[in-house]
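Subject: Structure for you to look at

Hello,

Here is the structure I said I would pass on. Please open it and keep it beside you while you read the notes.

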Amino acid sequence: MLLPGGGLGMNSTMDDMNLIQAQRHLVRDLGEEIDLEIGPGDDDPSFSNTPLISGPPQEPSAEEQDETKQMAIVSQLPNDDQEMSKAQPAKRKKKVVKRWREEWADTYKWAYVDVKEGTARIFCSVCKEYGRKHRRNPYGNEGSRNMQMSALEEHNNSLLHKEALRLQMASKDNIVVDKPIYVKALMSKTAGSIIEAALKRDPHEVEFIQSVQEAVHALERVIAKNSHYVNIMERLLEPERMIVFRVPWVDDRGETHVNRGFRVLFNQALGPCRGGIRFHPKMNLSITKFLGFEQTLKNALSPYKLGGGAGGSDFDPKGKSDNEIMRFCQSFMNEVYRYLGPDKDLLSEEMGVGIREMGYLFGQYRRLAGNFQGSFTGPRIFWSGSSLRTEATAYGLVFFAQLILAELNKDIKGLRCVVSGFGKIAMHVLEKLVAVGALPITVSDSRGYLVDEDGFDYMKISFLRDLKAQQRSLRDYSKTYARSKYYDEAKPWNERCDVAIPCGSQNEIDQADAINLVNSGCRILVEGSNMPCTPEAVDVLKKANILIAPAMAAGSGGVVAGEIELNHECNVMHWSPDDFESKLQEAMKQTFHRALKAANDFGYQKESPEALLHGAVISAFLAIAQAMTDQGCV
């Protein structure tokens, strides 16, 4: 039914009835579906000239039927009564039309406009659905009955949207390449042939291809001097063993679920594999191979020559009970245990895997293997004395930053440090930064970031740990500390800083974030997570002469701690924190100077932003290449 542009101010009975029939659900001439909200007052005059079209016919609600009956009764009253009723107009709520505006696009990211059966409608970006059900409030009332409740909040609370999110996270085929793989230009055709071969073999493994490109780019001068390394690199890029398996488990309600498990033994030329396992819904074979390749180089660069591997599952431990996690870990270990052992492969913690998960995994391994071998690295695995491995990776990052600053004749005291992440590594980084006199000002989660201009101290860090333990939001921090603020849907890289330490996940810093870091005055970036920067971001940082400490060098503290724990002497003795830190500092110092020496040997000056980035890869690769050459074609 067409309504004239000025028809929203009608006073006649017929016009009132027309308004009642059209007020439930309207579509503008642009075609977007609009849910009208109830509120007192006149209609918005800015929409008086906007033609509106009624939506699909719907049965009137009880409220509308009551209004229709009231008007019918009024029309049947005697003239005197009608005049009395006109003198006292009925009190009723009017609709306030809210028009879809272009500037809302950033806020309402869940929505997009598309044509369905000839009519433009607003669709959900997640579940690709539209309609009344999609915006129904889970508490029963249809549409928003509160002017303060935005359409976005109502949508996110809808049962259909939540179900769409659940199905999306549970899907095993949600690996979508949104854009072509970014291929860096290489000076050498020989080095370029390695990338071409990897792209031809694994064209859809985006994360793995990205890590390969970074390594080949760093090794370009090495390959140019000795073409024999081309064959070594091609063999290195193919893992020795890849295991993909199903992990069935039963939840607390007795329902059966199936997840996919991975374990990649990448290279054992230098020794048995060491590598983490990650439980995350986005885990796939590409991420597993990328983590295994990075771990292989990291282990080769450390003072302890080891092989590298990685694994995990697309299982999400969040929201699961202890019993559910235990059953999943036991099912995971039932398949993996036959490939583990002190001389084969040792598991360690990664994202989504902590003390609880490692304990369940080791318990099932001990049951299946029939012995109490120390085949895992991680806190409390030996249950004898205290372990500092959880802190070792984070402390190593801070020690590495201190080594870089010492080369520049600077001190870390008083420097503003921006940290991302809210996990174990990020929290221990904050702790160590405070201990050395730095000023950490940020942490972040998947929804935004928190900044405290006064900086964190031990009391504030303890409060952050309590928030995480209670599964509360970082927003609650700002309610306690007035000088802090939480920013939704934002990253901390635009905050003024001297040092940046990303401790989240891969590719968390894109090109725009890198530009923000440059503009915020950052001079050093220490990678706390594997491959935190996209290739475009790395290019921006290099051009701005920001020194980058790669994760394979700066994050090797966990490797060092794991090997110290596995040493028999460490199992018998109780190491004090000071003794452990002194050993960790010495190991990080060796790694730092080994990377700088390799960079210098191939023409990279230590002041260059590429020195540590390329030197670390060169040193690790040469160690692996020598072992692979000595052992022949195996």
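The notes below cover one arginine, one helix and one cavity.

This is a predicted model, in which local features need pLDDT of at least 70, side-chain atom pairs count only at pLDDT 80 or more, and totals for chains, interfaces and linings use all residues. Residues are numbered from 1 along each chain as its sequence is written, and side-chain values use heavy atoms, with hydrogens and water left out.

R416 sits in strand β14, residues 416-420 (strands are DSSP E runs of at least two residues, helices H or I runs of at least four, numbered from the N terminus). R416 has a relative accessible area of 8%, so it counts as buried (under 20%, with a 1.4 Å probe and protein chains only). A polar atom of its side chain lies 2.9 Å from the backbone oxygen of R496. Leaving out residues up to four places away in sequence, R416 touches (heavy atoms within 4.5 Å) L439, I441, E453, R496, C497, D498 and V499.

In helix α9 (residues 228-236), Y229, V230, I232, M233 and L236 are buried. They are on the same side of α9 because they cover an arc of only 165° around the axis, taken from the directions from the helix axis to the C-beta atoms. They pack against several elements, including α6 (189-201) and β10 (256-267).

The second largest cavity (a set of 1 Å grid points where a 1.4 Å probe fits but cannot get out; lining residues have an atom within 4 Å of a point) has a volume of about 230 Å³, the space filled by probe spheres set on points joined across faces, edges and corners. Of its 21 lining residues, E214, P550, M552, L613 and V617 are the closest to the centre. Helix α7 gives the largest share, 5 residues.

Regards

Terms used. Buried < 20%, exposed > 50% of the residue type's maximum accessible area, 1.4 Å probe, protein only. Polar contact = N/O pair within 3.5 Å; in protein donor to acceptor, adjacent residues only side chain to side chain. 1 Å grid on protein atoms, 1.4 Å probe; cavity = no way out; pocket = protein on both sides within 12 Å on 5 of 7 lines; lining within 4 Å.
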